[in-house]
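Please open the structure in a viewer and keep the sequence panel visible. The tour below proposes one selection after another and states what is found at each.

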Amino acid sequence: MFKFWGSQEQQGQPRPQEVAQGPAQSWYPPSVVGSPSSSRPATPTSTSSSTSHSFQSPAERPLSPSPAEAAAFITLLKDKSVDELRKLLSDKDAYHQFLLSLDQVKIQNNIRDELRKETLQLARENLEKEPRIMELRNQCRIIRTTELAAAKEKLNELERQKEELLRSCSPASLLQRLQEAMNKTDEESEALHRQFLDKEIDLGSFVLKYKKLRTTYHKRALIHLAAKASPTA
């Protein structure tokens, strides 16, 4: 197996090209690189000094994978050579290809693609319904400007008729109408009496008509008197 740089020999003497690269060329997070002064990947054989150097507080520590995921990552990385591991750290495209080959990433990409397809399908369905929505909106506008206006006008007319009917059926209005009917009957009887005095009508016809008019007058007068005496009047 290849000799990793976790050994004491390589820890004491870092290679010049690795020092020259420095942390400026490391575009990976600290959890991937392991130490800002080295471009080496973190391995299970790292010493306690390098571990303590890259230690972070719980508030600053990034989210760690589960033990099963970490074991899967180690399984994928342990068979790679030093050159392949160094390429993953130095070559962004190689790292990206390796990342896309992970099962967890594939699952997430598949879910993202399915969600994107569903979203596009919903958008297409909404666009297909747009003409129908516009048609219904135009119908509502027509109803609001024509039929609704006519219905409001008819409703206002019915409200006016109701108010007039309520006013005509009020106690005061009924008493007023009864008084007017009494006055009219009284005037008709007086006119009939003048006709009899002027000999314009015979006695038999006068008596019959005059009796009927006076009977109607007194009935209305009694009703009027009783209504005025009523507490609800």
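The stops run from the whole chain to single residues.

**Before starting**

This is a predicted model, in which local features need pLDDT of at least 70, side-chain atom pairs count only at pLDDT 80 or more, and totals for chains, interfaces and linings use all residues. Residues are numbered from 1 along each chain as its sequence is written, and side-chain values use heavy atoms, with hydrogens and water left out.

**The whole chain**

Select the protein chain and display it as a cartoon. It contains ten helices and zero strands, and its pattern along the sequence reads α-α-α-α-α-α-α-α-α-α. Helices (H or I, at least four residues) and strands (E, at least two) are DSSP runs, numbered from the N terminus.

Next, switch to a surface display. About 18600 Å² of the protein chain is exposed, and carbon and sulfur atoms supply 59% of that area. Accessible areas come from the Shrake-Rupley method with a 1.4 Å probe, and for residues only the protein chains shown count as cover. How many of the residues count as buried? Of the 233 residues of the protein chain, the share is 15%. Buried means under 20% relative accessible area, exposed over 50%, and partly exposed in between (1.4 Å probe, protein chains only).

Contacts are the next property of the whole chain; a contact means heavy atoms within 4.5 Å. Among the contacts in the protein chain with a separation of 6 or more, 56% join residues 24 or more positions apart.

**Helix 6**

Select L88, which lies in helix 6 (residues 82–90). With a relative accessible area of 12%, L88 is buried. Add F98 to the selection: F98 is ten residues from L88 along the chain, and their C-alpha atoms are separated by 7.9 Å.

**Two cysteines**

Select C140 and then C169. C140 is partly exposed, at a relative accessible area of 46%, and C169 is partly exposed at 48%. A disulfide is a pair of cysteine sulfur atoms within 2.5 Å; by this rule the structure has zero disulfides.

**Helix 9**

Select residues 171–197, which make up helix 9. At 1.5 Å a residue, its 27 residues should span 39 Å, and its end C-alpha atoms are indeed 39 Å apart. The expected span is 1.5 Å times one less than the number of residues.

Which residues of helix 9 are buried? They are S173, L175, L178, M182, T185, S189 and L192. These buried residues pack against helix 8 (103–168) and helix 10. An α-helix has 3.6 residues a turn, so residues three or four places apart point the same way.

Within helix 9, centre the view on L178. L178 is buried, with a relative accessible area of 17%. Leaving aside neighbours within four places in sequence, L178 is in contact with R220, I223 and H224. L178 and I223 are 45 residues apart in sequence, yet their C-alpha atoms are 8.4 Å apart in space.

**The loop after helix 9**

Move to K199, found in the loop between helix 9 and helix 10. Is K199 buried or exposed? K199 is exposed, at a relative accessible area of 74%. Its phi is positive, near 60°, in a residue other than glycine. Most residues other than glycine have a negative phi.

**The aromatic rings**

Show side chains for the next selection. The structure holds two aromatic pairs. Rings of Phe, Tyr and Trp (its six-membered ring) pair if their centres lie within 6.5 Å; planes under 30 degrees apart count as stacked, over 60 as edge-to-face and the rest as tilted.

Select F196 and F206, a stacked pair at 4.3 Å centre to centre with 15° between the planes. F196 lies in helix 9 and F206 in helix 10 (residues 203–229), so the pair ties together parts that are ten residues apart in sequence. F196 is partly exposed at 27% relative accessibility, whereas F206 is buried at 9%.

Add Y210, which forms a stacked pair with F206 at 5.1 Å centre to centre and 25° between the planes. F206 and Y210 both lie in helix 10, four residues apart, about one turn of the helix. Y210 is partly exposed, with a relative accessible area of 25%. Together, F196, F206 and Y210 form one aromatic cluster.

**Last stop**

Select R214 and Y217. The charged end of R214 sits over the ring of Y217, 4.6 Å from the ring centre. The rule requires NZ of Lys or CZ of Arg within 6 Å of the ring centre and within 35 degrees of the ring normal.
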